[in-house]
Amino acid sequence: MHNIIEACNLTKKFRLKKTGKGLKNLFKPQYKTVVAVNNISFAIKPGERVAFIGPNGAGKSTTIKMLSSILYPTSGEARVLGMIPWSNRRRLAYDIGTVFGQRSQLWYHLPVQDSFALMGKIYNVPEIAFKKRLSRLVRLFEIRDLLNSPTRSLSLGQRMRCEIVASLIHNPKVLFLDEPTIGLDITAKAIIRNLIRQQALEEETTLLLTSHDTDDMEKVCDRVIVINKGKLIFDDSLTTLCDSYLNKKYLEITTESGEKIRKVIDTRQIPVKKALDELVQTYHVADLTVENPPMEEIIKEIYNRGD
Amino acid sequence: MAIKSRFRKYGAFISLAARQAITNKTVLCGGIFLLLILLLTYNQLWTVIGKDSADPSINATFLWYLLFGELIILSAPKVERILEQDIKSGTLAYYLNKPVSFFMMRFCENLSLMSINFVSLGLAGTLTAWLLTPQTPFTWLQFPLIVSLVYLSSLINLLLYTAVGFSSLWLEHTKTLAMAVQRLAFIFGGAIFPLSIYPEWFVDIARWTPFYSLYYLTIKLSYDFSAADVSRALGLNCLWLAFIIGFIIWAYRTMQKRVNVYGG
(Lines give C-alpha, C1' and ligand atoms only; values in the text may rest on other atoms or scores of the structure.)
Protein backbone atom coordinates (compact mmCIF):
# COMPACT_ATOMS: atom_id res chain seq x y z
CA MET A 1 0.00 0.00 0.00
CA HIS A 2 1.33 3.46 -0.91
CA ASN A 3 2.02 5.99 1.80
CA ILE A 4 -0.43 8.83 2.09
CA ILE A 5 2.00 11.04 4.02
CA GLU A 6 5.77 10.95 3.71
CA ALA A 7 8.31 13.14 5.45
CA CYS A 8 11.98 12.80 4.69
CA ASN A 9 14.65 14.67 6.68
CA LEU A 10 12.20 17.45 7.31
CA THR A 11 13.79 20.42 9.07
CA LYS A 12 12.48 23.81 10.03
CA LYS A 13 14.61 26.57 11.47
CA PHE A 14 13.31 29.95 12.58
CA ARG A 15 15.47 33.05 12.65
CA LEU A 16 14.44 35.15 15.60
CA LYS A 17 15.49 38.66 16.50
CA LYS A 18 17.25 38.91 19.85
CA THR A 19 15.84 41.51 22.16
CA GLY A 20 18.43 44.04 23.13
CA LYS A 21 18.81 47.60 24.22
CA GLY A 22 20.49 50.59 22.68
CA LEU A 23 21.07 52.02 19.23
CA LYS A 24 23.41 49.23 18.19
CA ASN A 25 20.54 46.76 18.37
CA LEU A 26 18.31 49.09 16.38
CA PHE A 27 20.71 49.44 13.44
CA LYS A 28 22.42 46.06 13.66
CA PRO A 29 19.97 43.61 15.22
CA GLN A 30 21.25 40.28 16.46
CA TYR A 31 19.52 37.09 15.39
CA LYS A 32 19.43 33.59 16.79
CA THR A 33 18.40 30.45 14.98
CA VAL A 34 15.91 28.11 16.61
CA VAL A 35 15.63 24.59 15.24
CA ALA A 36 11.94 23.75 15.65
CA VAL A 37 12.01 20.48 13.66
CA ASN A 38 15.26 18.62 13.24
CA ASN A 39 15.65 16.15 10.40
CA ILE A 40 12.59 13.99 11.00
CA SER A 41 11.41 11.22 8.69
CA PHE A 42 8.30 9.05 8.80
CA ALA A 43 5.61 7.62 6.55
CA ILE A 44 1.88 7.13 7.15
CA LYS A 45 -0.39 4.71 5.32
CA PRO A 46 -4.00 5.45 4.29
CA GLY A 47 -6.46 5.03 7.15
CA GLU A 48 -3.84 5.13 9.89
CA ARG A 49 -4.59 7.18 12.98
CA VAL A 50 -1.32 8.63 14.14
CA ALA A 51 -0.70 10.59 17.31
CA PHE A 52 2.08 13.10 17.10
CA ILE A 53 2.90 13.75 20.70
CA GLY A 54 5.48 15.63 22.69
CA PRO A 55 5.78 18.36 25.31
CA ASN A 56 5.16 22.03 24.58
CA GLY A 57 7.68 23.41 22.09
CA ALA A 58 8.63 19.95 20.80
CA GLY A 59 7.92 20.85 17.14
CA LYS A 60 4.58 19.06 16.70
CA SER A 61 2.63 22.04 15.41
CA THR A 62 5.46 23.14 13.14
CA THR A 63 5.53 19.68 11.55
CA ILE A 64 1.76 19.65 11.07
CA LYS A 65 1.94 23.15 9.56
CA MET A 66 4.53 21.98 7.04
CA LEU A 67 2.49 18.91 6.10
CA SER A 68 -0.72 20.90 5.81
CA SER A 69 1.00 23.41 3.49
CA ILE A 70 1.05 26.37 5.87
CA LEU A 71 4.85 26.47 6.23
CA TYR A 72 7.83 25.94 3.96
CA PRO A 73 10.50 23.69 5.47
CA THR A 74 14.10 24.89 5.72
CA SER A 75 15.22 21.60 4.21
CA GLY A 76 13.95 18.10 3.55
CA GLU A 77 11.04 16.74 1.60
CA ALA A 78 7.42 15.86 2.25
CA ARG A 79 4.55 14.48 0.24
CA VAL A 80 0.90 14.38 1.19
CA LEU A 81 -1.36 12.42 -1.17
CA GLY A 82 1.56 12.41 -3.61
CA MET A 83 1.83 16.20 -3.64
CA ILE A 84 4.48 18.49 -2.18
CA PRO A 85 2.28 20.43 0.26
CA TRP A 86 3.82 23.91 0.02
CA SER A 87 4.01 23.81 -3.80
CA ASN A 88 0.45 22.49 -4.32
CA ARG A 89 -1.52 24.40 -1.71
CA ARG A 90 -4.71 24.94 -3.64
CA ARG A 91 -4.91 21.41 -5.08
CA LEU A 92 -4.07 19.79 -1.78
CA ALA A 93 -6.55 22.00 0.11
CA TYR A 94 -9.48 20.07 -1.38
CA ASP A 95 -8.21 16.75 0.02
CA ILE A 96 -7.10 17.73 3.50
CA GLY A 97 -8.90 19.09 6.52
CA THR A 98 -7.34 20.97 9.41
CA VAL A 99 -8.48 21.71 12.93
CA PHE A 100 -6.34 23.99 15.06
CA GLY A 101 -7.55 23.85 18.64
CA GLN A 102 -6.81 27.48 19.32
CA ARG A 103 -8.16 28.90 16.03
CA SER A 104 -11.75 29.09 14.95
CA GLN A 105 -13.06 28.85 11.42
CA LEU A 106 -16.64 29.57 12.46
CA TRP A 107 -18.27 32.99 12.18
CA TYR A 108 -18.63 34.43 15.65
CA HIS A 109 -22.04 36.13 15.49
CA LEU A 110 -23.80 33.78 13.06
CA PRO A 111 -25.46 30.37 13.50
CA VAL A 112 -22.98 27.55 12.94
CA GLN A 113 -24.96 26.19 10.01
CA ASP A 114 -24.09 29.38 8.10
CA SER A 115 -20.40 28.66 8.63
CA PHE A 116 -20.96 25.09 7.39
CA ALA A 117 -22.69 26.43 4.26
CA LEU A 118 -19.73 28.73 3.69
CA MET A 119 -17.32 25.80 3.98
CA GLY A 120 -19.38 23.92 1.40
CA LYS A 121 -19.01 26.82 -1.01
CA ILE A 122 -15.30 27.35 -0.32
CA TYR A 123 -14.63 23.70 -1.15
CA ASN A 124 -17.02 23.66 -4.13
CA VAL A 125 -19.19 20.93 -2.65
CA PRO A 126 -22.32 20.55 -4.85
CA GLU A 127 -25.54 21.56 -3.07
CA ILE A 128 -27.09 18.07 -2.89
CA ALA A 129 -23.84 16.43 -1.78
CA PHE A 130 -23.41 19.16 0.84
CA LYS A 131 -26.84 18.55 2.35
CA LYS A 132 -26.27 14.81 2.48
CA ARG A 133 -22.82 15.21 3.98
CA LEU A 134 -23.91 17.74 6.57
CA SER A 135 -26.83 15.61 7.61
CA ARG A 136 -24.49 12.65 8.21
CA LEU A 137 -21.97 14.71 10.18
CA VAL A 138 -24.69 16.38 12.24
CA ARG A 139 -25.96 12.94 13.24
CA LEU A 140 -22.47 11.57 13.94
CA PHE A 141 -21.33 14.56 16.01
CA GLU A 142 -24.74 15.07 17.64
CA ILE A 143 -24.94 18.78 16.90
CA ARG A 144 -28.51 19.11 15.58
CA ASP A 145 -29.50 21.32 18.52
CA LEU A 146 -26.52 23.60 17.93
CA LEU A 147 -27.10 24.34 14.25
CA ASN A 148 -29.10 27.51 14.83
CA SER A 149 -26.98 28.78 17.71
CA PRO A 150 -24.46 31.53 17.05
CA THR A 151 -20.86 30.42 17.61
CA ARG A 152 -20.42 32.93 20.43
CA SER A 153 -23.02 31.12 22.53
CA LEU A 154 -21.38 27.67 22.30
CA SER A 155 -19.28 26.08 25.03
CA LEU A 156 -15.69 25.19 24.11
CA GLY A 157 -16.59 21.51 23.76
CA GLN A 158 -19.59 22.24 21.54
CA ARG A 159 -17.54 24.65 19.47
CA MET A 160 -14.82 22.05 18.96
CA ARG A 161 -17.41 19.51 17.71
CA CYS A 162 -18.61 22.12 15.22
CA GLU A 163 -15.02 22.99 14.22
CA ILE A 164 -14.37 19.34 13.38
CA VAL A 165 -17.60 19.10 11.38
CA ALA A 166 -16.60 22.27 9.47
CA SER A 167 -13.27 20.70 8.55
CA LEU A 168 -14.96 17.48 7.37
CA ILE A 169 -17.63 19.03 5.11
CA HIS A 170 -15.56 18.42 1.96
CA ASN A 171 -14.82 14.84 2.95
CA PRO A 172 -11.02 15.14 3.23
CA LYS A 173 -8.82 12.08 2.88
CA VAL A 174 -6.43 13.35 5.54
CA LEU A 175 -7.40 15.21 8.70
CA PHE A 176 -4.80 17.17 10.66
CA LEU A 177 -5.82 17.92 14.22
CA ASP A 178 -3.60 20.23 16.23
CA GLU A 179 -4.41 19.99 19.95
CA PRO A 180 -8.14 19.39 19.42
CA THR A 181 -8.79 18.84 23.12
CA ILE A 182 -6.83 21.78 24.49
CA GLY A 183 -8.67 23.63 27.23
CA LEU A 184 -11.57 21.16 27.39
CA ASP A 185 -12.83 19.56 30.58
CA ILE A 186 -12.58 15.79 31.09
CA THR A 187 -16.10 15.03 29.84
CA ALA A 188 -15.78 17.20 26.75
CA LYS A 189 -12.38 15.66 25.99
CA ALA A 190 -13.83 12.16 26.18
CA ILE A 191 -16.68 13.09 23.82
CA ILE A 192 -14.37 14.71 21.28
CA ARG A 193 -11.92 11.78 21.32
CA ASN A 194 -14.73 9.31 20.84
CA LEU A 195 -16.23 11.26 17.95
CA ILE A 196 -12.90 11.73 16.17
CA ARG A 197 -12.17 8.02 16.43
CA GLN A 198 -15.64 6.99 15.29
CA GLN A 199 -15.55 9.30 12.28
CA ALA A 200 -12.07 8.13 11.24
CA LEU A 201 -13.10 4.49 11.52
CA GLU A 202 -16.36 4.93 9.61
CA GLU A 203 -14.89 6.98 6.78
CA GLU A 204 -11.35 5.57 6.81
CA THR A 205 -9.90 9.07 7.15
CA THR A 206 -6.19 9.23 7.80
CA LEU A 207 -5.60 11.12 11.03
CA LEU A 208 -2.58 12.99 12.24
CA LEU A 209 -3.26 14.32 15.69
CA THR A 210 -0.92 16.41 17.80
CA SER A 211 -1.32 16.62 21.52
CA HIS A 212 0.61 16.80 24.73
CA ASP A 213 -2.09 14.78 26.41
CA THR A 214 -1.32 11.06 26.36
CA ASP A 215 -5.00 10.20 26.77
CA ASP A 216 -5.70 11.66 23.31
CA MET A 217 -3.41 9.14 21.67
CA GLU A 218 -4.67 6.22 23.76
CA LYS A 219 -8.31 6.83 22.91
CA VAL A 220 -8.00 7.87 19.27
CA CYS A 221 -4.87 6.50 17.62
CA ASP A 222 -3.27 3.21 16.70
CA ARG A 223 0.22 4.52 16.13
CA VAL A 224 2.38 6.97 18.04
CA ILE A 225 5.20 9.25 17.00
CA VAL A 226 6.94 10.98 19.89
CA ILE A 227 8.88 14.14 19.18
CA ASN A 228 11.02 16.12 21.57
CA LYS A 229 13.13 19.22 20.94
CA GLY A 230 12.44 18.81 17.24
CA LYS A 231 13.75 15.25 17.05
CA LEU A 232 11.77 12.08 16.48
CA ILE A 233 12.45 9.79 19.42
CA PHE A 234 9.78 7.09 19.06
CA ASP A 235 7.70 5.77 16.17
CA ASP A 236 5.74 2.57 16.77
CA SER A 237 2.31 1.16 17.47
CA LEU A 238 0.26 2.31 20.44
CA THR A 239 0.43 -1.24 21.83
CA THR A 240 4.22 -1.14 21.88
CA LEU A 241 4.25 2.24 23.59
CA CYS A 242 1.69 1.11 26.17
CA ASP A 243 3.51 -2.15 26.88
CA SER A 244 6.88 -0.50 27.14
CA TYR A 245 6.26 2.93 28.59
CA LEU A 246 2.67 3.34 29.65
CA ASN A 247 2.70 0.57 32.22
CA LYS A 248 2.47 2.93 35.13
CA LYS A 249 -0.73 4.50 36.42
CA TYR A 250 -0.97 7.36 38.87
CA LEU A 251 -3.76 6.87 41.37
CA GLU A 252 -4.86 9.70 43.59
CA ILE A 253 -7.53 9.39 46.22
CA THR A 254 -9.07 11.97 48.48
CA THR A 255 -10.34 10.50 51.71
CA GLU A 256 -13.52 11.63 53.45
CA SER A 257 -11.32 13.51 55.93
CA GLY A 258 -9.79 15.48 53.02
CA GLU A 259 -6.43 13.71 53.02
CA LYS A 260 -4.84 13.16 49.59
CA ILE A 261 -3.03 9.89 48.93
CA ARG A 262 -1.03 9.22 45.77
CA LYS A 263 0.11 5.84 44.51
CA VAL A 264 2.05 4.78 41.43
CA ILE A 265 1.31 1.25 40.28
CA ASP A 266 3.03 -0.91 37.69
CA THR A 267 0.20 -2.42 35.64
CA ARG A 268 2.41 -5.35 34.62
CA GLN A 269 2.52 -6.46 38.25
CA ILE A 270 -0.86 -5.38 39.54
CA PRO A 271 -3.99 -4.66 37.46
CA VAL A 272 -5.60 -1.25 37.96
CA LYS A 273 -8.84 -2.82 39.17
CA LYS A 274 -7.09 -4.76 41.90
CA ALA A 275 -5.15 -1.70 43.04
CA LEU A 276 -8.37 0.31 43.17
CA ASP A 277 -10.15 -2.40 45.16
CA GLU A 278 -7.34 -2.39 47.71
CA LEU A 279 -7.47 1.38 48.08
CA VAL A 280 -11.25 1.44 48.48
CA GLN A 281 -11.06 -1.27 51.14
CA THR A 282 -8.26 0.50 53.04
CA TYR A 283 -9.57 4.10 52.99
CA HIS A 284 -12.89 5.93 53.12
CA VAL A 285 -12.67 7.26 49.58
CA ALA A 286 -14.43 10.52 48.70
CA ASP A 287 -12.83 11.04 45.29
CA LEU A 288 -10.54 9.08 43.02
CA THR A 289 -8.54 9.75 39.83
CA VAL A 290 -6.47 7.47 37.59
CA GLU A 291 -3.94 9.12 35.28
CA ASN A 292 -1.25 8.17 32.82
CA PRO A 293 2.29 9.28 33.55
CA PRO A 294 2.95 12.84 32.35
CA MET A 295 4.51 13.29 28.91
CA GLU A 296 7.84 14.44 30.37
CA GLU A 297 8.19 11.15 32.24
CA ILE A 298 7.48 9.04 29.16
CA ILE A 299 10.06 10.98 27.19
CA LYS A 300 12.62 10.60 29.98
CA GLU A 301 11.94 6.88 29.97
CA ILE A 302 12.35 6.65 26.18
CA TYR A 303 15.69 8.47 26.43
CA ASN A 304 16.86 6.29 29.33
CA ARG A 305 16.14 3.10 27.45
CA GLY A 306 17.79 4.51 24.33
CA ASP A 307 20.98 5.05 26.30
CA MET B 1 -16.78 27.01 -14.38
CA ALA B 2 -13.78 28.44 -12.48
CA ILE B 3 -15.26 31.95 -12.60
CA LYS B 4 -18.67 30.66 -11.50
CA SER B 5 -17.06 28.83 -8.60
CA ARG B 6 -15.17 31.99 -7.58
CA PHE B 7 -18.37 34.03 -7.64
CA ARG B 8 -20.04 31.40 -5.49
CA LYS B 9 -17.18 31.40 -2.97
CA TYR B 10 -16.66 35.12 -2.61
CA GLY B 11 -20.37 35.82 -2.98
CA ALA B 12 -20.83 33.64 0.11
CA PHE B 13 -18.36 35.81 2.04
CA ILE B 14 -20.21 38.95 0.95
CA SER B 15 -23.60 37.57 1.97
CA LEU B 16 -22.35 36.16 5.29
CA ALA B 17 -20.60 39.42 6.24
CA ALA B 18 -23.77 41.33 5.39
CA ARG B 19 -25.81 39.06 7.62
CA GLN B 20 -23.27 39.41 10.42
CA ALA B 21 -23.41 43.22 10.05
CA ILE B 22 -27.20 43.24 10.17
CA THR B 23 -27.17 40.91 13.19
CA ASN B 24 -24.76 43.28 14.96
CA LYS B 25 -27.28 46.13 15.14
CA THR B 26 -25.44 48.12 17.81
CA VAL B 27 -22.61 49.08 15.45
CA LEU B 28 -25.04 49.92 12.66
CA CYS B 29 -27.24 52.09 14.85
CA GLY B 30 -24.18 53.74 16.43
CA GLY B 31 -22.97 54.90 12.99
CA ILE B 32 -26.39 56.29 12.08
CA PHE B 33 -26.67 58.06 15.43
CA LEU B 34 -23.24 59.68 14.96
CA LEU B 35 -24.14 60.88 11.45
CA LEU B 36 -27.44 62.36 12.60
CA ILE B 37 -25.74 64.20 15.46
CA LEU B 38 -23.21 65.64 12.99
CA LEU B 39 -25.92 66.71 10.56
CA LEU B 40 -28.04 68.35 13.26
CA THR B 41 -25.05 70.14 14.80
CA TYR B 42 -23.74 71.47 11.49
CA ASN B 43 -27.25 72.37 10.38
CA GLN B 44 -27.51 74.56 13.46
CA LEU B 45 -24.11 76.09 12.74
CA TRP B 46 -24.81 76.85 9.07
CA THR B 47 -28.31 78.17 9.83
CA VAL B 48 -26.77 80.75 12.18
CA ILE B 49 -24.03 81.66 9.67
CA GLY B 50 -26.53 81.62 6.78
CA LYS B 51 -28.60 84.39 8.42
CA ASP B 52 -25.75 86.89 7.93
CA SER B 53 -24.63 85.47 4.59
CA ALA B 54 -25.37 86.88 1.16
CA ASP B 55 -26.01 83.35 -0.07
CA PRO B 56 -29.22 82.02 1.55
CA SER B 57 -28.60 78.48 0.24
CA ILE B 58 -25.32 78.14 2.17
CA ASN B 59 -26.94 75.88 4.75
CA ALA B 60 -28.23 73.38 2.14
CA THR B 61 -24.92 73.46 0.22
CA PHE B 62 -22.75 72.69 3.21
CA LEU B 63 -25.15 70.21 4.80
CA TRP B 64 -25.32 67.99 1.72
CA TYR B 65 -21.57 68.42 1.21
CA LEU B 66 -21.03 67.25 4.79
CA LEU B 67 -23.39 64.29 4.32
CA PHE B 68 -21.53 62.96 1.26
CA GLY B 69 -18.15 63.50 2.94
CA GLU B 70 -19.25 61.67 6.07
CA LEU B 71 -20.71 58.85 3.98
CA ILE B 72 -17.21 58.13 2.64
CA ILE B 73 -15.61 58.33 6.09
CA LEU B 74 -18.22 56.53 8.19
CA SER B 75 -18.97 53.73 5.71
CA ALA B 76 -15.46 52.26 5.92
CA PRO B 77 -15.15 49.42 8.46
CA LYS B 78 -12.02 49.30 10.61
CA VAL B 79 -10.27 47.17 8.02
CA GLU B 80 -6.77 48.27 9.07
CA ARG B 81 -7.34 46.94 12.59
CA ILE B 82 -8.70 43.62 11.27
CA LEU B 83 -5.70 43.15 8.95
CA GLU B 84 -3.19 44.16 11.61
CA GLN B 85 -4.74 41.60 13.92
CA ASP B 86 -4.66 38.94 11.16
CA ILE B 87 -0.98 39.60 10.47
CA LYS B 88 0.18 39.88 14.07
CA SER B 89 -1.79 36.89 15.35
CA GLY B 90 -0.84 34.69 12.40
CA THR B 91 -4.47 34.17 11.33
CA LEU B 92 -3.36 34.86 7.77
CA ALA B 93 -1.14 31.75 7.77
CA TYR B 94 -4.05 29.50 8.70
CA TYR B 95 -5.91 30.50 5.56
CA LEU B 96 -3.05 29.46 3.30
CA ASN B 97 -4.30 25.88 3.21
CA LYS B 98 -7.84 26.83 2.30
CA PRO B 99 -8.86 27.11 -1.35
CA VAL B 100 -9.50 30.85 -1.08
CA SER B 101 -7.43 34.00 -1.44
CA PHE B 102 -7.05 35.55 1.98
CA PHE B 103 -6.98 39.05 0.50
CA MET B 104 -10.12 38.49 -1.58
CA MET B 105 -11.87 36.94 1.39
CA ARG B 106 -11.17 39.91 3.68
CA PHE B 107 -11.89 42.37 0.88
CA CYS B 108 -15.30 40.81 0.16
CA GLU B 109 -16.20 40.81 3.86
CA ASN B 110 -15.26 44.46 4.25
CA LEU B 111 -16.85 45.49 0.97
CA SER B 112 -20.04 43.94 2.23
CA LEU B 113 -19.81 45.76 5.59
CA MET B 114 -19.01 49.01 3.79
CA SER B 115 -21.98 48.63 1.46
CA ILE B 116 -24.35 47.92 4.34
CA ASN B 117 -23.03 50.99 6.17
CA PHE B 118 -23.26 53.07 3.00
CA VAL B 119 -26.87 52.15 2.32
CA SER B 120 -28.08 52.54 5.92
CA LEU B 121 -26.16 55.79 6.55
CA GLY B 122 -27.12 57.06 3.11
CA LEU B 123 -30.83 56.46 3.66
CA ALA B 124 -30.89 57.93 7.16
CA GLY B 125 -28.63 60.84 6.17
CA THR B 126 -30.53 61.70 2.97
CA LEU B 127 -33.85 61.69 4.76
CA THR B 128 -32.53 63.87 7.60
CA ALA B 129 -30.75 66.31 5.28
CA TRP B 130 -33.83 66.56 3.07
CA LEU B 131 -36.08 67.24 6.07
CA LEU B 132 -33.69 69.91 7.32
CA THR B 133 -33.05 71.53 3.93
CA PRO B 134 -35.63 70.51 1.30
CA GLN B 135 -33.98 72.89 -1.21
CA THR B 136 -31.23 70.55 -2.44
CA PRO B 137 -28.19 72.10 -4.20
CA PHE B 138 -28.45 69.41 -6.91
CA THR B 139 -31.30 68.09 -9.03
CA TRP B 140 -32.74 64.66 -8.22
CA LEU B 141 -31.69 63.55 -11.70
CA GLN B 142 -28.05 64.21 -10.79
CA PHE B 143 -28.47 62.47 -7.46
CA PRO B 144 -27.92 58.82 -8.62
CA LEU B 145 -24.68 59.76 -10.39
CA ILE B 146 -23.40 61.70 -7.38
CA VAL B 147 -24.23 58.76 -5.10
CA SER B 148 -22.47 56.33 -7.48
CA LEU B 149 -19.32 58.45 -7.45
CA VAL B 150 -19.46 58.78 -3.66
CA TYR B 151 -19.74 54.97 -3.49
CA LEU B 152 -16.65 54.66 -5.71
CA SER B 153 -14.82 57.03 -3.35
CA SER B 154 -15.91 54.90 -0.39
CA LEU B 155 -14.52 51.84 -2.15
CA ILE B 156 -11.16 53.57 -2.77
CA ASN B 157 -11.18 54.76 0.84
CA LEU B 158 -11.69 51.14 1.94
CA LEU B 159 -8.73 50.04 -0.18
CA LEU B 160 -6.64 52.90 1.19
CA TYR B 161 -7.22 51.64 4.73
CA THR B 162 -6.55 48.09 3.50
CA ALA B 163 -3.13 49.36 2.38
CA VAL B 164 -2.69 50.91 5.85
CA GLY B 165 -3.54 47.51 7.36
CA PHE B 166 -0.92 45.76 5.24
CA SER B 167 1.68 48.27 6.41
CA SER B 168 1.66 46.46 9.76
CA LEU B 169 4.22 44.20 8.09
CA TRP B 170 6.71 46.98 8.69
CA LEU B 171 5.10 49.05 11.42
CA GLU B 172 4.57 48.08 15.02
CA HIS B 173 1.08 49.65 15.08
CA THR B 174 -1.08 50.93 12.25
CA LYS B 175 -3.28 53.03 14.53
CA THR B 176 -1.06 56.11 14.22
CA LEU B 177 -0.85 55.82 10.43
CA ALA B 178 -4.63 55.34 10.18
CA MET B 179 -5.16 58.44 12.30
CA ALA B 180 -2.74 60.41 10.11
CA VAL B 181 -4.60 59.29 6.96
CA GLN B 182 -7.89 60.36 8.48
CA ARG B 183 -6.54 63.80 9.46
CA LEU B 184 -5.05 64.24 5.98
CA ALA B 185 -8.45 63.41 4.50
CA PHE B 186 -10.00 66.18 6.59
CA ILE B 187 -7.27 68.66 5.68
CA PHE B 188 -6.44 67.89 2.03
CA GLY B 189 -9.75 66.33 1.08
CA GLY B 190 -11.94 69.00 2.57
CA ALA B 191 -14.09 66.30 4.10
CA ILE B 192 -15.87 68.78 6.36
CA PHE B 193 -15.37 72.16 4.68
CA PRO B 194 -14.92 72.51 0.89
CA LEU B 195 -11.40 73.32 -0.28
CA SER B 196 -12.78 76.45 -1.98
CA ILE B 197 -12.59 78.23 1.37
CA TYR B 198 -8.83 77.56 1.64
CA PRO B 199 -6.08 79.68 -0.04
CA GLU B 200 -5.00 78.72 -3.56
CA TRP B 201 -1.48 77.58 -2.57
CA PHE B 202 -3.03 75.09 -0.15
CA VAL B 203 -5.37 73.70 -2.83
CA ASP B 204 -2.34 73.30 -5.15
CA ILE B 205 -0.70 71.04 -2.55
CA ALA B 206 -3.93 69.12 -1.95
CA ARG B 207 -4.23 68.34 -5.69
CA TRP B 208 -1.21 66.01 -5.42
CA THR B 209 -2.83 63.83 -2.76
CA PRO B 210 -5.44 61.09 -3.33
CA PHE B 211 -7.78 62.92 -0.92
CA TYR B 212 -8.38 65.75 -3.38
CA SER B 213 -10.32 63.64 -5.88
CA LEU B 214 -11.46 61.07 -3.35
CA TYR B 215 -13.31 63.64 -1.27
CA TYR B 216 -13.33 67.19 -2.61
CA LEU B 217 -13.78 66.65 -6.35
CA THR B 218 -16.41 63.99 -5.76
CA ILE B 219 -18.50 65.61 -3.08
CA LYS B 220 -18.23 69.07 -4.66
CA LEU B 221 -20.54 67.68 -7.33
CA SER B 222 -23.34 67.94 -4.78
CA TYR B 223 -23.38 71.75 -5.14
CA ASP B 224 -21.37 72.35 -8.33
CA PHE B 225 -22.33 69.65 -10.80
CA SER B 226 -20.75 69.60 -14.26
CA ALA B 227 -19.94 66.88 -16.77
CA ALA B 228 -16.31 68.04 -16.87
CA ASP B 229 -15.98 67.66 -13.08
CA VAL B 230 -17.66 64.25 -13.19
CA SER B 231 -15.12 62.94 -15.71
CA ARG B 232 -12.22 64.62 -13.83
CA ALA B 233 -13.29 63.04 -10.52
CA LEU B 234 -13.83 59.67 -12.18
CA GLY B 235 -10.51 59.75 -14.05
CA LEU B 236 -8.42 60.82 -11.06
CA ASN B 237 -10.15 58.36 -8.75
CA CYS B 238 -9.52 55.50 -11.17
CA LEU B 239 -5.85 56.50 -11.32
CA TRP B 240 -5.54 56.48 -7.52
CA LEU B 241 -7.50 53.23 -7.41
CA ALA B 242 -4.96 51.58 -9.73
CA PHE B 243 -2.07 52.95 -7.65
CA ILE B 244 -3.53 51.73 -4.34
CA ILE B 245 -4.39 48.30 -5.78
CA GLY B 246 -0.81 48.06 -7.11
CA PHE B 247 0.56 48.75 -3.63
CA ILE B 248 -1.80 46.22 -2.02
CA ILE B 249 -0.82 43.48 -4.49
CA TRP B 250 2.87 44.14 -3.82
CA ALA B 251 2.35 44.21 -0.03
CA TYR B 252 0.22 41.03 -0.12
CA ARG B 253 2.87 39.14 -2.11
CA THR B 254 5.61 40.32 0.24
CA MET B 255 3.49 39.18 3.16
CA GLN B 256 2.87 35.75 1.63
CA LYS B 257 6.62 35.26 1.15
CA ARG B 258 7.26 36.16 4.77
CA VAL B 259 4.55 33.85 6.03
CA ASN B 260 5.99 31.04 3.91
CA VAL B 261 9.30 31.42 5.64
CA TYR B 262 8.34 32.26 9.21
CA GLY B 263 4.85 30.91 9.46
CA GLY B 264 2.00 31.85 11.76
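**Sheet, interface and helix packing in a two-chain model**

Reader: Before anything else, what is the strand order in the open sheet of chain A, and what sort of pairing does it have?

Author: The open sheet of chain A has 6 strands in the order β5-β6-β7-β3-β8-β9, and the pairing is mixed. Please keep in mind that this is a predicted model.

Reader: Which strands stand at the edges?

Author: Those are β5 and β9 (231-237) of chain A, and because each has a single partner strand, one side of each is left without a neighbour in the sheet. From one strand to the next, the twist averages 15 degrees.

Reader: How do β3 and β8 of chain A run, and how many bridges join them?

Author: Strand β3 (residues 49-53) of chain A and strand β8 (residues 223-228) of chain A run parallel, joined by 4 bridges. Within this part of the sheet, Phe52(A) stands opposite Ile225(A), which belongs to β8(A).

Reader: And what does helix α6 of chain A lie across?

Author: Helix α6 (residues 156-168) of chain A lies across β5 and β6 (174-178) of chain A, and its direction makes an angle of about 160 degrees with β5(A).

Reader: Changing topic to the contact between the chains, how many residues does each one give?

Author: Chain A contributes 24 residues and chain B contributes 21 residues. On the side of chain A that touches chain B, the elements giving two or more residues are α3 (89-93), β5 (96-100) and α4 (112-122) of chain A, and the largest share, 4 residues, comes from α4(A). By class, that side of chain A has 13 nonpolar, 5 polar and 6 charged residues.

Reader: Over in chain B, at what angle do α3 and α7 cross?

Author: The axes of helix α3 (residues 58-75) of chain B and helix α7 (residues 143-166) of chain B cross at roughly 35 degrees and come within 9 Å, with α3(B) passing α7(B) in a right-handed crossing. Phe68(B), Leu71(B), Ile72(B) and Ser75(B) make the contact from α3(B), while Val150(B), Ser153(B), Ser154(B) and Asn157(B) make it from α7(B).

Reader: What classes of residue are in that contact?

Author: The contact of α3(B) with α7(B) has 4 nonpolar and 4 polar residues, and no charged residues.

Reader: One last residue: is Tyr212(B) buried or exposed?

Author: Tyr212(B), found in helix α10 (residues 210-219) of chain B, counts as buried because 21 C-beta neighbours lie inside 10 Å, and the cut-off for buried is 20 or more. Not counting residues up to four places away in sequence, Tyr212(B) touches Phe188(B), Gly189(B), Ala206(B), Arg207(B) and Leu217(B).

Definitions and conventions:
Residues numbered from 1 in each chain as written. Chains lettered and ligands numbered in written order. Predicted model: local features only at pLDDT ≥ 70, side-chain atom pairs only at ≥ 80, totals over all residues. Contact = placed C-beta atoms within 7 Å. Nonpolar A, V, L, I, M, F, W, Y, C, P; charged D, E, K, R; others polar. Axes fitted to C-alpha atoms, helices over the stretch in contact; angles between N-to-C directions. Left-handed = near helix turned anticlockwise from the far one by under 90°. Pairing = 2+ DSSP bridges. Buried ≥ 20, exposed ≤ 12 C-beta atoms within 10 Å, placed from the backbone.
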